[in-house]
Amino acid sequence: NFADCDAIGSMIAVYHLALSSGVDAKMIFEPNKADVTVKKIYNIIEENPELLQAFVTSDKARDLIGPNTLLIITDTQSPKMVMFPELLPLIKKYSVIDHHRAGELGYEGYLNYYVETSASSTVELVSEMFMFYNSSITVTPLEASIMLSGIIVDTNNFTVRSGNRTFEAAATLKTMGADMIFVRKLLQENIEIERVLAKALMGVEIFGNKFGIVCLDDDIKIQDRTTLAKISDKQLTIEGVEASFTIGKIDNDFYGISARSLGDRINVQSIMEIMGGGGHFNSAAMQSKEKNSLELKEELEKILRLEYL
């Protein structure tokens, strides 16, 4: 749910794995359950009939499910976070490919479970699989570019969680026609979001000489929950900030925190897990229905004092 570039990129990659085995495959997707960038990607896909025909709705997927159907879930560490949870009970065979650490509610009864928490992205994992699974797999330049965008977003332009394998995967996609200029245009923000980012950065508080905290007013409209992550990423460009947190209202019922860190000194994943969320060492988040922004900020500062100050 709220699919990002890594989710759609890895889904397209797995689709090609399936095609290389000579089996029919479809991608189950709903653009209204994706983030802003993925919605832009899907608009481009709609102009490419050959790729578009591979996408189906949840209702269409129900008609295609049979006793031997295999469902492959990518970039999603929990069954409660999948885009279509209503389909899970209908499919007896499923596999998971992911790079997130599993939470308390994990998958059960799967055929295969390939999870590498050290990987930059799920696209990285599936790109590696190409050469081992079937070295003759090819993707179009558009598909390669979408996949590359997944790596770039999840590594924040190759600054976090980027190892040798990350750059090898990016190089593989480049040989398949991935276009960095196209990816950069995909990731451009509209002017309204840029104004929100600029206003948010004006309100950064430096806590404990190394933490950046932005607590947005409740009247600030967040067009997309990834906006919180973008504000946290921006905070890391401030000298002296080793970890950043952005707190805000993400819809009518929920408040959330997006957390980012540089280097290997501050584990934002463990901080978010204490608050009921999760993620990666350098990138994590949480959301709450019970506490507002100020209450979440107070709880966060208390944890930071206990753990790091």
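**Close-up 1. Strands β8 and β9 pair in the antiparallel sense.** In this predicted model, seven bridges link strand β8 (residues 243-249) to strand β9 (residues 255-261). The two strands form a hairpin, with five residues between them. To find your way along the pairing, look for F245, which stands opposite A259 in β9. As for β8 itself, six of its seven residues are buried, so this strand is mostly covered if you take buried as under 20% relative accessible area.

**Close-up 2. On its way through the sheet, β8 also pairs with strand β7.** Here the two strands run parallel, and five bridges join β7 (residues 211-215) to β8. A handy landmark is C215, found opposite I247 of β8.

**Close-up 3. Strand β9 is covered on both faces.** In a regular strand, side chains alternate between the two faces of the sheet. Which residues of β9 lie on each side? Y255, I257, A259 and S261 are on one side, while G256, S258 and R260 are on the other, and all are buried. That matches the count for the strand, with seven of its seven residues buried.

**Close-up 4. β9 pairs with strand β11 in the antiparallel sense.** Six bridges hold the pairing of β9 with β11 (residues 283-288). A259 is worth a second look: its bridge partner in β11 is A284, and in β8 it stands opposite F245.

**Close-up 5. Helices α5 and α7 cross at roughly 65 degrees.** Two packed helices are described by the angle between their axes and the distance between the axes. For α5 (residues 122-133) and α7 (residues 164-175), the axes come within 9 Å, and α5 passes α7 in a left-handed crossing. From α5, the contact is made by V123, E124, L125, S127, E128 and M131; from α7, R165, T166, A169, T172 and L173 take part. Sorted by class, this contact has five nonpolar, three polar and three charged residues.

**Close-up 6. Helix α6 has the span expected for its number of residues.** How far apart are the end C-alpha atoms of α6 (residues 141-155)? They are 21 Å apart, and this agrees with the expected span because 15 residues at 1.5 Å a residue should also give 21 Å. The helix is mostly covered, with 13 of its 15 residues buried. Just after α6 comes N156, which takes a positive phi of about 50 degrees.

Terms used. Residues numbered from 1 in each chain as written. Predicted model: local features only at pLDDT ≥ 70, side-chain atom pairs only at ≥ 80, totals over all residues. Heavy atoms only, no water. Helix = DSSP H or I, 4+ residues; strand = E, 2+ residues; numbered from the N terminus. Expected span 1.5 Å × (residues − 1). Buried < 20%, exposed > 50% of the residue type's maximum accessible area, 1.4 Å probe, protein only. Axes fitted to C-alpha atoms, helices over the stretch in contact; angles between N-to-C directions. Left-handed = near helix turned anticlockwise from the far one by under 90°. Contact = heavy atoms within 4.5 Å. Nonpolar A, V, L, I, M, F, W, Y, C, P; charged D, E, K, R; others polar. Pairing = 2+ DSSP bridges.
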